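Take a moment with the sequence and the fold before reading on. The text below walks through them step by step.

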Amino acid sequence: MRNLNENTVTDAVLQTISAETDHRLREVVTSLVKHLHAFAIEVGLRPDEWMQGIQYLYDAGKMSTPERNEFILTSDILGLSSLIDMIKGRGVGTGTEYSVLGPFFVEDAPEVSVGGDMAGNNPGVEVVLSGRILDEKGKPVGGARIDLWQNQDNGLYDVQETHEGAVPNLRCHQITGADGRYGVRTIRPVSYKVPDDGPAGEILRATGRTAWRPAHYHVWINAKGYRPLVTELFPGDDPHINGDAVFGVRDSLRVDFSESNDEAEAASYGVKFPYQKVDFDFVLVANQAVE
Ligand code: BEZ
Ligand code: FE
């Protein structure tokens with residue numbers, strides 16, 4: 001390990017990784033070192049630029065809290081979170097496509113019975129969001145847990161509010177019966193900006209990018225014997241549908257908010273008539289189908 005130069009330092013680092021290292025860890029660290037070195041060589045990285053990168057990591061760490069993780073946001077705006085979703089989705093076939101989890105999921109959201117109310121007194125356009133959870137053969141999946149969460153009409157998630165009693169709001173979970181059905185009375189989500197007051201926001205501004213996300217419902221479904229499904233549903237006509245700051249939109253996840261005239265449904269969900277309706281069936285992939 002003497003007289004190293006630009007062409008030999010990468011191998012010198014790799015040779016220091018002990019042979020007893022866990023196989024997968026070795027594979028990941030080896031590739032990471034190779035790509036980091038190749039990146040520095042390719043752009044001729046200067047010390048001041050490298051220091052700026054280090055400062056970015058320092059600032060991101062300093063502003064991160066359990067509720068606001070700037071590293072996750074960085075991964076999101078660089079498309080890395082979406083790329084990892086796509087890798088996870090390899091071989092998933094006819095299952096519903098994945099999309100980003102985002103930072104605003106909360107465990108232990110209240111249970112709302114199927115056909116119940118997630119919106120309470122929130123202002124906004126009333127929506128019935130409903131459908132079924134199915135397997136790849138179209139059979140309903142009973143006993144599935146679906147978590148739903150979304151932002152308020154002011155663009156914020158409940159966890160971004162600071163006033164007492166703000167949480168929980170516009171989030172719930174349901175357990176499907178044998179028919180696989182889920183359904184809530186809720187409101188239409190609105191487009192909003194990802195938090196852009198930190199280092200990730202600086203990247204967006206410095207590169208002339210948008211912080212907007214199209215409106216969306218967040219969904220996380222867990223059912224025994226199936227791969228967990230983390231995804232989102234987007235109004236197909238949202239003005240930001242083609243410019244999502246975190247690259248979460250897939251055509252298969254764009255939905256219509258149709259005006260509905262179904263009086264019986266309006267009565268059973270307690271929505272004022274006419275209301276908007278989103279009907280979407282989620283398709284889960286059995287564990288063994290991809291393992
Ligand atoms: C969200 O959808 O809530 C979100 C996703 C990525 C970054 C910030 C917010
Ligand atoms: Fe979101």
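What follows covers a pocket, a sheet and the enclosed cavities. Keep in mind that this is a predicted model.

Start with the largest pocket. It holds about 690 Å³ of space. Its lining is made of 21 residues. Look for E49, Q52, G53, I54 and Y56, which lie nearest the pocket centre.

Which helices build this lining? At least two residues each come from α2 (23-43), α3 (47-63), α4 (70-77) and α6 (199-206). Among these contributors, α3 gives the most, with 9 residues. In character, the lining of the largest pocket divides into 12 nonpolar, 6 polar and 3 charged residues.

Now turn to the strands. An open sheet is formed by 5 of them. Read across the sheet, the order is β4-β3-β8-β9-β10. The pairing is mixed. Two strands stand at the edges: β4 (171-175) and β10 (254-255). Each of these has a single partner strand, so one side of each is left without a neighbour in the sheet.

Follow the β10 edge a little further. Strand β9 covers residues 229-235 and is joined to β10 by 2 bridges. The two strands run parallel. To find one of the contacts, go to F234; its bridge partner in β10 is R254.

Next come the cavities. How many of 30 Å³ or more does a search of the whole structure find? The search finds 2.

The largest cavity contains about 110 Å³ of space. It is lined by 13 residues. Nearest its centre lie G102, P103, Y192, V194 and R213. The lining of this largest cavity splits into 8 nonpolar, 3 polar and 2 charged residues.

The second largest cavity has a volume of about 40 Å³. Which residues line it? From one part of the chain come V92, G95, T96 and Y98. Further along are R227, P228 and L229. V283, L284 and V285 complete the list. The lining of the second largest cavity comprises 7 nonpolar residues, 2 polar and 1 charged.

To recap, begin at the pocket of about 690 Å³, where α3 supplies the most lining residues. Move on to the open sheet of 5 strands, with β4 and β10 at its edges. Finish at the 2 cavities, one of about 110 Å³ and the other of about 40 Å³.

Terms used. Residues are numbered from 1 along each chain as its sequence is written. Chains are lettered from A and ligands numbered from 1 in the order in which they are written. This is a predicted model: local features need pLDDT of at least 70, side-chain atom pairs count only at pLDDT 80 or more; totals for chains, interfaces and linings use all residues. Side-chain values use heavy atoms; hydrogens and water are left out. On a 1 Å grid over the protein atoms alone, a cavity is a set of points where a 1.4 Å probe fits but cannot get out, and a pocket is an open set with protein on both sides within 12 Å along at least five of seven lines; lining residues have an atom within 4 Å of a point. Grid points are joined across faces, edges and corners, and a volume is the space filled by probe spheres set on the points. Helices (H or I, at least four residues) and strands (E, at least two) are DSSP runs, numbered from the N terminus. Ala, Val, Leu, Ile, Met, Phe, Trp, Tyr, Cys and Pro count as nonpolar, Asp, Glu, Lys and Arg as charged, and the others, Gly among them, as polar. Two strands pair if DSSP finds at least two bridges between them.
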